[in-house]
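Got your viewer open and a selection box ready? Load the model and follow along, one pick at a time.

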Amino acid sequence: SRSMSIGTRRRVWLNVLAGVQIAIAIVLLCGSGLMLRSFWNLRYRDLGFRTDHLLTAQLHLEKTKYPDPAAQSIFIGKLLDNMSVLPGIETAAIGTLPPGDGHATNGFGIEGRAPLREGQKPVARSYAISSTYLNVLQIPVLKGRGISSSDTGATPRVALVSETFARRNFAGQDPIGKRLHLERDDPWSTIVGIVADVKTAGLVGPPESVIYFAYSQVGAMDEEVGILLRTAIKPSYIDPELRKSVAQLDLQQPITEVQTMRSEERRVGKECRS
């Protein structure tokens, strides 16, 4: 009888101990989830653009099929029209997907200034964007204007510069109306607006200089083109319709990396709640 009583008490204590261990594990798991979620929020906070309800994807434009800015612009224009009428889409845009990787490496020249020696030349990131890009990401225009639908291949080239670019290269001057070009014998582009900084390289380090060109004038600066969709519904619901929009124009056109900017944040939060 005494042996059975001791055995029963031991089992009770073991069960209590197991319950305590499980409770501690759950608390630690949720704590880790909240910590990861806070890190994710910190990573995408104060980057200079809105990340909520934002679906992104990548297009790889084959140079053999879309060899020049005119052909690229026609395809992208039709794609923007298709995407803009999808159910649940507020605004569709084309441009580099932020935040970018690496650092600014594109050299540029400003009209009227003598070229600098190697090692002293300024650099900037350069993006080709649609007229809706700033609206999708909610990047404000601080002075002048943004890219317009009237900026086409038949009109003089225009450019936007970031606040950091303006401060570094036009200290005490108004850059609006000045002309610049990239170091690859591109035509001159007139600066028509200054936009707020976006931390294109993430939270590490200060904002970099950025030049934005009109996609309709320069085409794709490389073979990878970013799609950005501001949605009124859950962004992941748009994925099948987005693929249909691309297939309607070109069945062989690949589309990859369809994802929401906050997909990882939602996953961590769901794990913790469950």
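Start with S189, which you'll find in strand β8. Bear in mind as you click around that this is a predicted model. Is S189 buried or exposed? It counts as buried, because its relative accessibility is 1%. Now show what surrounds it: setting aside neighbours within four places in sequence, S189 is in contact with R157, V158, A159, K178, R179, L180 and F213. One of those contacts is also a strand partner, since L180 has S189 as its bridge partner in β8.

**Select β8, residues 189-195**

Widen the selection to the whole strand. Six of the seven residues of β8 are buried, so call it mostly covered. Now bring up the strands that are joined to it, one after another.

- β7 (residues 179-182) runs antiparallel to β8, and two bridges join them.
- β6 (residues 158-162) is parallel to β8, with five bridges between the two. Pick V158 here and look across to T190, its bridge partner in β8.
- β5 (residues 141-144) is antiparallel to β8 and is joined to it by three bridges. On this side, V141 stands opposite V195 of β8.

**Select I110**

Next, jump to strand β3 (residues 106-110) and pick I110. This residue has a relative accessibility of 9%, so it counts as buried. Which residues does I110 touch, not counting those up to four places away in sequence? They are N169, F170, R179, L180 and W188. You've already met two of these names: R179 and L180 are also among the contacts of S189. For a distance to try in the viewer, draw a line between the C-alpha atoms of I110 and L182: they are 72 residues apart along the chain, but 9.0 Å apart in space.

**Select the four-stranded sheet**

Clear the selection and go to another sheet. This one is open, with four strands in the order β2-β10-β1-β11 and antiparallel pairing. At its edges are β2 (89-94) and β11 (255-260), each of which pairs on one side only. From one strand to the next, the twist averages 15°.

Zoom in on β1 (residues 54-60) and β11: four bridges join this antiparallel pair. A good place to click is L59, whose bridge partner in β11 is I255. Helix α6 (residues 239-249) packs on this sheet, where it touches β1, β10 and β11. Its direction makes about 150° with that of β11.

**Select α2, residues 69-84**

Add helix α2, which lies across β1, β2 and β10 (224-231) and runs at about 165° to β2. How far does α2 reach from its first C-alpha to its last? The helix has 16 residues and spans 22 Å, close to the 22 Å expected at 1.5 Å a residue.

Now colour the helix by burial. The residues to mark as buried are Q72, S73, F75, I76, L79, L80 and M83. Look down the axis of α2 and these buried residues fall within an arc of 165°, so they line one face of the helix. Turn to the other side of α2 and you'll see A70, I74 and D81, which are exposed. What covers the buried residues of α2? The cover includes β1, β2, α5 (215-218), β10 and α6.

**Select D250**

For the last close-up, pick D250, in the loop between α6 and β11. Its relative accessible area is 8%, so D250 is buried. Turn on side chains and follow this one to the backbone nitrogen of Q252, which it reaches at 2.9 Å. Leaving out residues up to four places away in sequence, D250 touches K65, Y66 and F75. F75 should ring a bell: it is one of the buried residues of α2.

**Zoom out**

Finally, show everything. The protein has seven helices and eleven strands. Of its 274 residues, 41% are buried. If you plot a contact map, take the contacts between residues at least 6 apart in sequence: 79% of them join residues at least 24 apart.

Key. Residues are numbered from 1 along each chain as its sequence is written. This is a predicted model: local features need pLDDT of at least 70, side-chain atom pairs count only at pLDDT 80 or more; totals for chains, interfaces and linings use all residues. Side-chain values use heavy atoms; hydrogens and water are left out. Buried means under 20% relative accessible area, exposed over 50%, partly exposed in between (1.4 Å probe, protein chains only). Contact means heavy atoms within 4.5 Å. Two strands pair if DSSP finds at least two bridges between them. Axes are lines fitted to C-alpha atoms, for helices over the stretch in contact, and angles run from 0 to 180 degrees between N-to-C directions. The expected span of a helix is 1.5 Å times one less than its number of residues. The arc is that of the directions from the helix axis to the C-beta atoms. A polar contact is a pair of N or O atoms within 3.5 Å; within protein, one must be able to donate a hydrogen and the other to accept it, and residues adjacent in sequence count only if both atoms are side-chain atoms.
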